[in-house]
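Here are my comments on the model, set out as numbered points on contacts, aromatic rings and nonpolar cores. Please read them with the structure open beside you.

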Amino acid sequence: MQKVLAAKVNAPSLLEKELMKRAKKKEYGFIALSSATEPWMHAEEKYKLTRKCLELIAKFRFPVHCLTKSTLILRDLDLLQDINKNAILPEDLSKLKRGVLITFSLSTLDEKIAKIFEPNAPKPKERLETLQKVKEAGFYTGIAFIPVLPFISDSAEQIEEMVKTAKEFGADYVFVGALTLYGIGKELYYKILEKHFPELLPRYKHLFRIFNQPNKAYQLGLEKKAKEFCEKYKIRYKIL
């Protein structure tokens, strides 16, 4: 398989047009960076597309939620400070009293497992240390334990360790989410399982036999455990 990375170099100009329209109508709301692709991947060091987008977000005074695995976010704390101070919040989220949310995603604290499923991402410890620096800089920050890996990182002990560790590194909140598998992503994930965890393949095929996510009972079980541990360690479950 050929590995290709496409950089959308026109993203800032398209964003500027959209933000200008929204700002004129006073349609302010949180912009999500990112809901699909890592905003601070290695190519960002060269292209600085995320930084250019943040400059525009600051200019038009929109709030932003940064979801990342990257330590490179530290480069842009100056812009995020500006956004955090000056963003115009939508009325229904005015109680936040801040224009920036920064969430670090992890699927495991085990570095060996992380290397298998996220070979090019910073180590879990590096992400946690970055979260700590972000918190020390005055931002509202937390951990998205997403996706929780079925039969690999979803035990009660592992969820408790994630919540406990989040508290130790100064996170304001934690929330969990189940693994989603479909299309080519599902094929690639199953290939990884076949290589590293072949004994789990039958269990996965049963868990994902109908839908692209585990059943509702599984998901509710994850959330129930996470909430219990958040209560135990005195940390908020979810952002609000």
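1. In what follows, contact means heavy atoms within 4.5 Å. The model is a predicted one, and the values below should be read with that in mind.

2. F175 is a convenient place to begin, and it lies in strand 5 (residues 173–178). Once its neighbours within four places in sequence are left aside, F175 is in contact with T103, with I143, A144, F145 and I146, and with Y237, K238 and I239. Its relative accessibility is 16%, and because buried means under 20%, F175 counts as buried. By contrast with these contacts, the C-alpha atoms of F175 and D78 are separated by 27 Å, the two residues being 97 apart along the chain.

3. Turning to the aromatic residues, a search of the whole structure finds 9 aromatic pairs. In one of them, Y28 and F62 have their ring centres 4.7 Å apart with 40° between the planes, and the pair is classed as tilted. This pair links distant parts of the chain, since Y28 sits in the loop between helix 1 (11–24) and strand 1 (31–33), whereas F62, 34 residues away, sits in the loop between helix 3 (49–59) and strand 2 (64–68). Both Y28 and F62 are buried.

4. F151 and Y204 make a pair that is edge-to-face, because their planes stand at 85° with the ring centres 5.7 Å apart. Here too distant parts of the chain are linked: F151 belongs to the loop between strand 4 (140–148) and helix 7 (156–168), while Y204 belongs to helix 9 (residues 201–207), 53 residues apart. The two partners can be set side by side for burial, F151 being partly exposed with a relative accessible area of 28%, and Y204 counting as buried at 0% relative accessibility.

5. The surroundings of F151 deserve a further look. R203 lies over the face of F151, at 3.9 Å from the ring centre. In addition, F151 and Y204 belong to one aromatic cluster, which they form with F117, Y189, Y190, F197 and F208.

6. Which residues touch the most other members of the largest nonpolar core? Of its 58 residues, they are I57, V64, L80, I83 and I102. Leaving aside neighbours within four places in sequence, I102 is in contact with H65, C66, I73, L80, V134, F139, Y140, T141, G142 and Y173. Apart from this core lies another, of 15 residues, which includes I152, L179, Y189 and L201; Y189 is also one of the residues in the aromatic cluster.

Technical notes: Residues numbered from 1 in each chain as written. Predicted model: local features only at pLDDT ≥ 70, side-chain atom pairs only at ≥ 80, totals over all residues. Heavy atoms only, no water. Phe/Tyr/Trp six-rings, centres within 6.5 Å; stacked < 30°, edge-to-face > 60°. Helix = DSSP H or I, 4+ residues; strand = E, 2+ residues; numbered from the N terminus. Buried < 20%, exposed > 50% of the residue type's maximum accessible area, 1.4 Å probe, protein only. Lys NZ or Arg CZ within 6 Å of the ring centre and 35° of its normal. Core = buried A, V, L, I, M, F, W, Y, C linked by side-chain atoms within 4.5 Å.
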